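Hello,

I am passing a structure on to you, since you have not worked with it before. Please have a look at it first, and then read on for what turned up.

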Amino acid sequence: MNYQPDKLYQGIILKKVIYRETSIICNILTPQDGKITLLAKGVRQSKNPAFGLLQILAELEFSTHRKKDSEWHILKTCELKQTYENASFQTTAILQAGAELFDQMIIPVPEATTYYILLKNYLSYTHNFDNNSIALFWRLLLRVFELNGITLDLMHCVSCGKETSLFNGYHLQKQGFICPQCENDAFPLMIEKITTEEKDLLNILPAIGIKLDSIAISPQAAKQITRILMSHLNLHFNDHFNLKSLKLI
Ligand SMILES: [Zn+2]
């Protein structure tokens, strides 16, 4: 036989592109096989049973078949478990940034379940909080840093190693936060400065989940912290990550 046996999956759609007249191609994160590429033929026709189900942030149970040696899964059956789209445009953009991040990331198959649970928790958690959900995206990034061996230390100055959480900025070359003394000696262009508000947010970031309803994040702080954390990621991955959803925030 030229085909692999049918396989049943659960998965979250990370990316979707329209293909030919009636079809869709999706990148889906599954706990079993990591990221897979799915070709869904004819699903843009209203009489197709999977019509309208294949959306970014949808969690599905689906079956596929696949030619031996082919990367492509062909959709057979599909059931929507839930969608994580949010009534708020802003929150949906932040959730989609998470999906984009996972789509652009290398996810080793043995770690697929860890990543799947991480993404699912991120998408479920944010549902409850309309404001401040950008902070959950930051927390997701911290977790992704850890999984990729590029943990961002929020307790020590990256330059002198002193224990502190009173940072003055992020050092682009040393790739970490820097204390006020070390900042004085550093080349100014190497530092992404942070304000008092941003400092305070970074302080509570590891435990920010429980503080979401008692903090207010200014648009400037939201932008700057996101920028620093994305820089940290991109400094380690050759500017590989470009999350379009973040531009909507
Ligand atoms: Zn220092």
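Before the details, one term: a residue counts as buried when its relative accessible area is under 20%, as exposed when that area is over 50%, and as partly exposed in between. Please also keep in mind that this is a predicted model.

Let me start with the salt bridges. The whole structure has eight of them, and three are described here.

With the cut-offs above, Arg227 is partly exposed, because its relative accessibility is 46%. Its partner in a salt bridge is Glu192, with 2.8 Å between the closest N and O atoms. Glu192, at a relative accessible area of 12%, is buried. Arg227 belongs to helix H6 (residues 219-236) and Glu192 to strand E8 (residues 191-193), so this pair links distant parts of the chain, 35 residues apart.

Next come Asp6 and Lys76, whose side chains form a salt bridge at 2.6 Å, N to O. Asp6 sits in the segment before strand E1 (7-19), while Lys76 is in strand E5 (residues 72-83); the pair therefore ties together parts that lie 70 residues apart in sequence. Asp6 is partly exposed, with a relative accessible area of 45%, and Lys76 is partly exposed with a value of 45%.

Strand E5 also holds Lys81, which pairs with Glu61 of strand E4 (residues 58-65), 20 residues apart in the chain. The closest N and O atoms of this salt bridge are 3.8 Å apart. Lys81 has a relative accessibility of 44% and counts as partly exposed; Glu61 is partly exposed too, at 31%. Shared salt-bridge partners join Glu61, Glu79 and Lys81 into one network.

Now to a pair of helices. Packed helices are described by the angle and the distance between their axes. For helix H1 (residues 89-104) and helix H3 (residues 134-147), the axes come within 9 Å and cross at roughly 15°. An angle under 35 degrees counts as roughly parallel, so H1 is roughly parallel to H3. The crossing of H1 past H3 is right-handed.

Which residues make the contact between H1 and H3? On H1 they are Ile94, Ala97, Gly98, Leu101 and Phe102, and on H3 they are Ile134, Phe137, Leu140, Leu141 and Val144. Nine of these contact residues are nonpolar, one is polar and none is charged.

Happy exploring, and best wishes!

Notes:
Residues numbered from 1 in each chain as written. Predicted model: local features only at pLDDT ≥ 70, side-chain atom pairs only at ≥ 80, totals over all residues. Heavy atoms only, no water. Axes fitted to C-alpha atoms, helices over the stretch in contact; angles between N-to-C directions. Helix = DSSP H or I, 4+ residues; strand = E, 2+ residues; numbered from the N terminus. Parallel < 35°, antiparallel > 145°, perpendicular 65-115°, else oblique. Left-handed = near helix turned anticlockwise from the far one by under 90°. Contact = heavy atoms within 4.5 Å. Nonpolar A, V, L, I, M, F, W, Y, C, P; charged D, E, K, R; others polar. Salt bridge = Lys/Arg side-chain N within 4 Å of Asp/Glu carboxyl O. Buried < 20%, exposed > 50% of the residue type's maximum accessible area, 1.4 Å probe, protein only.
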